[in-house]
Amino acid sequence: MQIFGVDIGGSGIKGAPVDLDRGELTEERFKVLTPHPATPDAVADGVRDVVAHFDWTGPVGITFPGVVTGEATIRTAANVDKDWIDTDARALLSGRLGGLPVTVLNDADAAGVAEMQFGAGRDHQGTVILLTFGTGIGSALFIDGTLVPNTELGHLELGGHEAEKRASTKAKDDHELTWEHWARRVTKYLAHLEMLFSPELFIIGGGVSRKSEKFLPLIEDIKAEIVPAQLQNNAGIVGAAMRAAKAS
Ligand code: BGC
């Protein structure tokens, strides 16, 4: 079975059809730049362009980088335009896609769902936390394989600062931090999460998971196992499609 997945991120909107039996993209993904300001209308146009690139006419799963409750009401918008707050994202995006059935979920939750099924979290019981490091920090918390949605652990306060302002890869780039310096910040963040949740496993996702050899060896004194995500930057697309398949 194939379903289309779209991942709305801080820098790009990317999508592809997904083979749900294998958790893999069936074609090379297509990406447009996230518009700035990332207003609902401008982002919806980007989603339309990505889906139209494949002439797709079936169900579409879409991630959003903020809290998504109920059917698809957006509750927060830390790294996109604040006009998203209280938007009915399903109505907006389905309308822009000519009425295709649309499912919307948080981007990190989508990545987590995909990693638990097809990637680094496969067959893991107990408490598992997936973190995506990018423009912000996203989180997905699983208890015995069940997702606790919208955990938003990137906004925890750490040493008087919001964690994602200190330890996202955007913070690394903006402040030109070395891998060592950034890894120290990530270590403090993981230690804090470990104090709160005692997970058995941390999965490190986002674009930076491709460079895990640069920073995972620098992270010390964390009891949980720490592994890079395996679906890397496609996890959001795959997880979005998985959720849409469940809903259709
Ligand atoms: C948002 C989260 C999102 C994360 C990664 C955070 O700023 O609040 O909802 O998952 O960024 O995009």
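In which loop is the place of Pro37? I located Pro37 in the loop between β4 (30-33) and α1 (40-53); helices (H or I, at least four residues) and strands (E, at least two) are DSSP runs, numbered from the N terminus. I noted a cis peptide bond between His36 and Pro37, with omega about 0°.

Basis of the entries. I worked on a predicted model, in which local features need pLDDT of at least 70 and side-chain atom pairs count only at pLDDT 80 or more, while totals for chains, interfaces and linings use all residues. Residues are numbered from 1 along each chain as its sequence is written, and side-chain values use heavy atoms, with hydrogens and water left out.

Second backbone entry. I found Glu176 in the loop between α5 (169-174) and α6 (179-197). Phi of Glu176 is positive, near 45°. Most residues other than glycine have a negative phi, and most peptide bonds are trans.

Ligand shell. I listed the residues around the ligand (a heavy atom within 4 Å of it); among them are Pro65, Gly66, Ala78, Ile137, Glu152 and Glu164. The shell divides into 4 nonpolar, 5 polar and 3 charged residues, where Ala, Val, Leu, Ile, Met, Phe, Trp, Tyr, Cys and Pro count as nonpolar, Asp, Glu, Lys and Arg as charged, and the others, Gly among them, as polar.

Ligand distances. I read 2.6 Å from a polar side-chain atom of His155 to a ligand oxygen atom. For Asn79 the corresponding distance to an oxygen atom of the ligand is 3.0 Å, and for Asn106 it is 3.0 Å.

Elements and domains. I recorded α3 (107-118) and β10 (137-143) as the elements that give two or more residues to the shell. The ligand lies between domain 1 (2-109 + 235-247) and domain 2 (122-230), because both give residues to its shell; the bounds come from an automatic or database domain assignment.

Definitions and conventions: A polar contact is a pair of N or O atoms within 3.5 Å; within protein, one must be able to donate a hydrogen and the other to accept it, and residues adjacent in sequence count only if both atoms are side-chain atoms.
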